[in-house]
Amino acid sequence: MNIDWLSAAALAVVIGFFIIIYLLQKKNGNFTVIILGSLAAGAVVGILFSGHTSWVMPIGKIYVSTLNAIVSPLIIVSILSSITSLGSTAQLKGIGLRSVCWLLMTTLLAILLSLGLGLTFGVGRNSYLSLDGIDAQSFKSKVVPFSQVLIGFFPRNVISDIAEENTIPMILFAVLIAVSYVVAANKNHEKVAIFKSFIEALKEIIFKAVDFIISLTPYAVLALIATATGNGISRSGIMWSLLVLLLVSFIAFALDTWVINAVLIKSFARLNPIKFFRKILPAQVVGFSTQSSAGTLPISTGILVRKIGVDPKVANFTAPLGTTIGMPGCAGIWPILIAVYGINGLGINYGVRDYVLLAVISLFVSLGTAGVPGTATITTASVLTAMGLPLELIVLSIPISAIADTGRTATNITGAMVASTIVGRQENSLNDKIFNDVEAYESELDEDNGRSGKIEDTEPDNGVPIGAGCRL
């Protein structure tokens with residue numbers, strides 16, 4: 001039996017780097033720095049052991065498979081949790097429908113923006129991607145005719161849809177069950193209360209699993225970049241194309257955050273966009289720093305109520321819903337740009353109809369996102385799977401994804417706050433005097449004291465306004 005000692009040595013070196021990654025994570029090292037270090041280490045291993053990385057390759061493949069496995073449960077549980085939180089059919093018809101509509105609208109606009117920018121700048125073009133020797137021709141046959149796609153949108157057998165990774169039918173089935181729960185709970189809450197508790201418990205478990213998978217990302221980056229480099233992928237072409245992708249993504253984040261949303265705030269909320277952005281800046285900064293939409297909720301809801309003048313019943317529903325439905329950065333801009341990057345890099349022949357389908361699928365997938373770090377990876381995997389594109393594209397983009405996550409999160413938070421403000425206006429639940437600093441937010445205090453109070457400090461704080469109920 002002949003042993004490839006160079007392959008064994010490559011694996012040993014990779015394991016050594018894994019130990020370093022583990023120690024850095026144990027010391028709470030910066031995740032982005034660790035990711036970039038893993039990229040560099042993987043490239044070094046690939047160069048040193050070119051053609052001898054076959055023993056390293058399975059590590060990355062296992063990660064991709066595990067990532068793929070969590071997509072379906074995450075989508076279903078996220079949708080069930082967000083819609084079942086409505087609690088009544090009245091909320092579903094009023095604030096609920098308007099919130100979903102505007103959250104999806106902000107995402108649709110982000111999708112169209114990123115699609116236009118991606119095609120204009122030609123992200124991925126001339127990068128000559130080659131994923132494990134797979135010929136791009138094999139992906140052309142996976143482009144399904146639009147008529148079959150429309151039929152495939154609707155669920156047939158939920159078990160087979162999950163097994164076959166049919167994303168859109170899964171989403172529609174989850175929406176059907178969640179809406180049915182809301183209707184049933186409105187008539188007899190006690191009978192179906194256990195279902196809601198089960199969904200919330202399952203959500204906690206699934207999110208914990210996602211956290212665990214995301215924590216393994218540096219190891220996967222190292223292994224897959226080492227394999228890709230060792231197999232002779234043009235390193236200069238890929239790295240340059242990734243830098244272009246990163247630049248275009250931040251252009252998209254900026255245009256979506258401050259241009260598109262400015263038009264929406266002026267046109268539909270009838271507020272001064274400059275003053276609006278100045279007031280929500282603390283939430284944007286926290287989101288940019290923490291890279292967590294859900295973690296920023298206490299600040300964003302507090303600003304919506306105290307500084308923008310949105311009624312708590314709207315702010316405390318629409319903003320949290322925006323961490324699961326919509327999210328223009330993670331579910332709109334990023335998946336589209338990655339898909340366009342792969343289409344151009346692999347030389348796949350896409351027409352107008354195919355790009356329309358890509359936009360539609362991205363919008364549907366945005367119904368099941370989750371406001372935690374790493375969500376864009378899962379969302380992008382859903383879009384690529386539905387479009388028949390290789391999941392390895394995610395791995396190639398992971399090094400810049402860690403950097404882009406700052407912009408993605410700020411974009412997500414801005415979109416949710418814009419949607420909340422518009423819904424507040426349409427529900428006649430927006431106090432212009434608070435927005436214009438004429439008066440401070442008034443909150444009802446303990447009625448036993450026979451008084452109501454006024455919050456004199458109108459500066460946004462890091463807490464949740466009275467009655468907010470945003471504990472996650």
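**A cavity, a bent helix and some loops**

The residues lining the second largest cavity split into five nonpolar, six polar and no charged. Here Ala, Val, Leu, Ile, Met, Phe, Trp, Tyr, Cys and Pro count as nonpolar, Asp, Glu, Lys and Arg as charged, and the others, Gly among them, as polar. All of this comes from a predicted model, in which local features need pLDDT of at least 70 and side-chain atom pairs count only at pLDDT 80 or more, while totals for chains, interfaces and linings use all residues. Residues are numbered from 1 along each chain as its sequence is written, and side-chain values use heavy atoms, with hydrogens and water left out.

A search of the whole structure turns up six cavities of 30 Å³ or more. A cavity is a set of points on a 1 Å grid over the protein atoms alone where a 1.4 Å probe fits but cannot get out, and lining residues have an atom within 4 Å of a point. The second largest has a volume (the space filled by probe spheres set on the points, joined across faces, edges and corners) of about 70 Å³. Around this second largest cavity sit S293, T296, L297, S300, A319, G322, T323, N412, I413, A416 and M417. Two elements give two or more residues to that lining, namely α13 (297-308) and α18 (392-426). Helices (H or I, at least four residues) and strands (E, at least two) are DSSP runs, numbered from the N terminus. The top contributor to the lining is α18, with four residues.

So what does α18 look like from end to end? It has 35 residues, yet its end C-alpha atoms are only 43 Å apart, short of the 51 Å a straight helix would reach at 1.5 Å a residue (the expected span is 1.5 Å times one less than the number of residues). There is also a kink of about 60 degrees at I398, shortly before the proline P399; the bend is the angle between axes fitted to the seven residues ending there and the seven starting there. Of the 35 residues in α18, 33 are buried, so this helix is largely enclosed by the rest of the structure. Buried means under 20% relative accessible area, exposed over 50%, and partly exposed in between (1.4 Å probe, protein chains only). After α18 comes N428, whose phi is positive, near 55 degrees.

Zooming out, the protein chain has 19 helices and two strands, and 55% of its 472 residues count as buried. Contacts (heavy atoms within 4.5 Å) with a separation of 6 or more are made up, to 83%, of pairs 24 or more positions apart.

A226, in helix α10 (residues 217-230), is buried, with a relative accessible area of 0%. Neighbours within four places aside, A226 touches G42, V45, G46, T53 and V221. Its C-alpha atom is 8.6 Å from that of F49, 177 residues away along the chain. A second such pair is G51 and T227, 176 residues apart in sequence but 8.5 Å apart C-alpha to C-alpha. G51 sits in the loop between α2 and α3 (57-84) and counts as exposed, at 53% relative accessibility.

Two other loop residues have an unusual backbone. N28, in the loop between α1 (5-26) and α2 (31-48), has a positive phi of about 60 degrees although it is not a glycine, and it counts as exposed at 69% relative accessibility. D437 also has a positive phi of about 60 degrees without being a glycine. D437 lies in the loop between α19 (432-435) and β1 (442-443) and is partly exposed, at 44% relative accessible area.

Notes. On a 1 Å grid over the protein atoms alone, a cavity is a set of points where a 1.4 Å probe fits but cannot get out, and a pocket is an open set with protein on both sides within 12 Å along at least five of seven lines; lining residues have an atom within 4 Å of a point.
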